Amino acid sequence: VWNFSAGPAALPLAVLERAQRDMLDWNGSGASVMEQSHRGKRFIAMAAQAEADLRELMQIPADYAVLFLQGGATQHFAQIPMNLAGEGDSADYVVSGHWSAKAVSEARPYVRVNVAASNEPHDFLQLPPRDSWRLDPGAAYVHYTPNETIHGVEFHDIPDVGGTVPLVADLSSNILSEPLEVSRFGLIYAGAQKNIGPSGLVLMIIRRDLLQRAGRPMARIFRYAEHAAADSMLNTPNTWGWYVAGLTFQWLKEQGGLGTMAARNRAKAELLYRAIDGSGGYYRNPIELSARSRMNVRFTLHDGALDAAFLQESEAAGLLALKGHKALGGMRASLYNAVPLEAVEALVAFMRDFSQRHG
Ligand code: PLP
């Protein structure tokens, strides 16, 4: 069975098997990791190792803090402006699909939002060209979403926003899918449930000087500087999520790191897009070529009346969760790190067979 879910998504089988082995007796402790104090020696050592492994994988410079937070990416749509923008400040937002639009609406109560660019008029089928962005040099930060999970568009380069305005990126659906130049960003954040681990955990990488921003009056629990000072243990963290994230980081290192993942992810996406484009119009992907996502591949069938049969037969063939997002319909195959090339080969073979049988 291959799982193409957009999120919560498949985890690497080796990670699940290791978690299963550890479930009742983690690390010789006689209990599950979920049943142990986050202040205990074992957990602290695991947490430190997870951070060290992530730092090595992503080559995170020392002047960045790594935080293991909660609340989902959505909570941080609001918490980022609370922390990075003072009263009366404005921030630039680039809108390239559903999630960046949601980031805007959740930020509005806390910052004056300047929508610097939006591709909504083009139905988000391409990315807003960099030369169309109306950036404000006085903005508190520039926010964008490198991969739009629902719309299936992805930035393949880090945009140059010039000057000293920090770039903030919601990497929820493409973190760890390729090497990334962390020093180009002020803040990176990601909900864990695609390429990291279970939902409920949020990973944040933040340049330490931004922790000094006053933001606005707020409870300590909302302040990133407090979380950094407490090593992400200001309150009880998501211990299970943190532990599984640590297993994923180890797995990624064993695979050869992010360069290897990038090559695999490129090969997977190319195989599927080639099958769609080469189907003579039986399957279609509407996204401009240069903006196509490697992680979330949308496609429609030439006749929507076949959708139900496609979904039923694909599931029976062990190809799970191909139904597109309800806002867009059609199909979507999510090809995160845990999905091997073999899964995409099986999908492509099924698609070819389906098109022959259903004419
Ligand atoms: N941002 C992106 C790019 C997403 O794909 C998602 C969906 O999972 C979210 C934000 C929302 O994340 P969460 O459900 O963790 O709040």
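**A tour beginning at helix 7**

In this predicted model, select helix 7 and display its buried residues: L258, M261, R264, N265, K268, A269, L272, A275 and I276. Viewed around the helix axis, these residues lie on the same side of helix 7, because the arc they cover is only 125 degrees.

Next, turn to the opposite face of helix 7, the one directed away from the buried side; the exposed residues G259, A263 and R274 are found there.

Now select the whole of helix 7, residues 258-277, and consider its length. The end C-alpha atoms are 28 Å apart, and this agrees with the 28 Å that its 20 residues should span, because each residue is taken at 1.5 Å.

To see what covers the buried residues of helix 7, add the surrounding elements. Among the helices are helix 2 (41-58), helix 6 (239-255) and helix 9 (341-358). The cover also includes strand 11 (283-284), strand 12 (296-301) and strand 14 (331-334).

The tour then moves to the ligand. Select the residues that surround it: G7, G72, A73, T74, W99, T145, T149, D170, S172, S173 and G191. Which helix gives the most residues to this shell? Helix 3, spanning residues 72-84, does so, with three residues. Colouring the shell by residue character shows eight polar residues, two nonpolar and one charged.

Finally, select residues 1-347. According to an unreviewed UniProt entry, this stretch carries the annotation "domain: Aminotransferase class V". Over these residues the chain is 32% helix and 16% strand, and the end C-alpha atoms of the stretch lie 11 Å apart.

Note on methods. Residues are numbered from 1 along each chain as its sequence is written. This is a predicted model: local features need pLDDT of at least 70, side-chain atom pairs count only at pLDDT 80 or more; totals for chains, interfaces and linings use all residues. A residue is near a molecule or strand if its C-beta atom, placed from the backbone, lies within 6 Å of it. Helices (H or I, at least four residues) and strands (E, at least two) are DSSP runs, numbered from the N terminus. Ala, Val, Leu, Ile, Met, Phe, Trp, Tyr, Cys and Pro count as nonpolar, Asp, Glu, Lys and Arg as charged, and the others, Gly among them, as polar. The expected span of a helix is 1.5 Å times one less than its number of residues. A residue is buried if 20 or more other C-beta atoms lie within 10 Å of its own, exposed if 12 or fewer, and partly exposed in between; C-beta atoms are placed from the backbone. The arc is that of the directions from the helix axis to the C-beta atoms. Two residues are in contact if their C-beta atoms, placed from the backbone, lie within 7 Å. UniProt positions are given in the numbering used here, feature names are shortened, and annotations may be inferred rather than shown by experiment.
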